Every structure is written in C-alpha cells, then in structure tokens.
Amino acid sequence: MRRTCTWGAFHLDKLVDAGLLRARYENPGGIRKVGRKPKVYEPTETDLRVSIPERRSDVIAEILMDAVLAERPGEDARAAALRTARDRGRQTGAAERARIRPGRLGPERSLGVSEPLLERFGFEPDRQGPTLLRLLNCPFHQLAARSPELICGINHAFLAGMLDGLQATGVDAVLAPSPGRCCVEVREPSDDARARTQAEDTAYVREEAAGRPEA
C-alpha cells in the first residue's frame, strides 16, 4: 500500500510540475491531528484539451470573431472572414520569419520552412516531392463537415496568408480536396493557378487600400 501511494504521489507531483495541479499540505476537514499534514492536490484553471488527430477549432473561432468585429461597410460576413483569415495567416507567417530569419526562400526551402509551422497547427504535413506538400490532417475537420465551402475557404485563405508572411516564393496554397485529408496542398502552382493567385493578390491589395482611412 505504501508503494502504491508513493507511485501515485510521484505522478501527481509530475502534474504539479506541468502546471495542471496545485498542491498544499492541509488537514482534511480542518481537523488538527498529530504528525505531518497530508498533501492535498487540486486542479488549476489551465484549459487542457487532447484531440487525436489534432483539432484547432479555436483558430477558426478567433478568425470569425475578429471578422465580426472588423467587418467593413459593404462587406458581407464571408468576405470579412476570408480577409481576416488571410491577415491572421500573414501575421503568423511573418512572426515565424522574424523568429528564424531564413533569408530568401525558393520553392524547396519554402516547403522546408513551412513544414514545422504547419505541424504546430496540426496539419500533419507530408512531403511528397521537392515542391509538393500534402496536409494529412484538417485541424478544422468537425466544422468543415458542417460548412465545407466556408471553412475550406477560410483554411485556404489562412494558409495563403501564412506563405505570404513567410515570403515563400514558387509555391502556393492550392485547393485540392481529397477524402481523408486537408482540402489544401502547398505546391508549385500551374500557370493558370499562378495567374489566378496574382489576380487575387491584386484584388486583395486594392481592398486593403480601400479599407484604410485616409491620412
């Protein structure tokens, strides 16, 4: 029995070290007794969630909340969400670029730099070739099942913005729906896709300029 208690306390103390429990010495019921007070454990306020495969509905929730708060005159909810998702992705990519300082990124290095960032967001990147990165997991799967057009659009905008923030060149986030994995691939675009991306970028810059207040 003593060994069992020692084993349990060892693991409880590990949870204390991880910040998931707090511990103190206290007599049960406030009754004072002779000898050493027993150790009491209780949960902290840490919000712990475990999901396999990883789901990140919090990212979508934050994007949608920001979109509602920053919706522009004449802009519908979907357009605001896509713009916000792209902004969020660009900020994420720019922060990663500032952290690792990778220099100029060609197509292959762009994928190499993107992989760990995509991994942290739960996309499970899988390098299929020098310029092809498939994403085996959709972190937003549960929401995508309810509204695939909206959520896949937000996902695509977020990843496109992330590559933009990283200053990745020669690869794009491309919609490529396939059962059992994310609807987006990161790869070298076709000529048609490249022209479409350039047109989208031009339209986005114009929208940003129109949305900024005059100096």
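Is C183 buried or exposed? In this predicted model, C183 is buried, with a relative accessible area of 8%. Next up is its sulfur: the closest cysteine sulfur sits in C152, 3.2 Å away, and that's too far for a bond. Seen from the other end, C152 likewise has C183 as the partner with the closest cysteine sulfur. A disulfide needs the two sulfur atoms within 2.5 Å, so the 3.2 Å between C152 and C183 doesn't make the cut. A search of the whole structure turns up zero disulfides.

Zooming out, the chain is built from seven helices and six strands. Read along the sequence, these run α-β-β-α-α-α-β-β-α-α-β-β-α. Of its 215 residues, 33% count as buried. The accessible surface of the chain adds up to about 13,700 Å², and carbon and sulfur atoms account for 54% of that. As for how the chain folds back on itself, take the contacts between residues at least 6 apart in sequence: 51% of these join residues at least 24 apart.

One helix pair deserves a closer look. Two packed helices are described by the angle between their axes and the distance between the axes. For helix α2 (residues 57-69) and helix α6 (residues 148-166), the angle is about 90° and the axes lie 12 Å apart. That makes α2 roughly perpendicular to α6. On the α2 side, the contact involves I60, I63 and L64, which meet I151, I154 and F158 in α6. Sorted by type, the residues of this contact come out as six nonpolar, no polar and no charged.

Key
Residues numbered from 1 in each chain as written. Predicted model: local features only at pLDDT ≥ 70, side-chain atom pairs only at ≥ 80, totals over all residues. Heavy atoms only, no water. Buried < 20%, exposed > 50% of the residue type's maximum accessible area, 1.4 Å probe, protein only. Helix = DSSP H or I, 4+ residues; strand = E, 2+ residues; numbered from the N terminus. Contact = heavy atoms within 4.5 Å. Areas by Shrake-Rupley, 256 points an atom, 1.4 Å probe, with all protein chains shown as cover. Axes fitted to C-alpha atoms, helices over the stretch in contact; angles between N-to-C directions. Parallel < 35°, antiparallel > 145°, perpendicular 65-115°, else oblique. Nonpolar A, V, L, I, M, F, W, Y, C, P; charged D, E, K, R; others polar.
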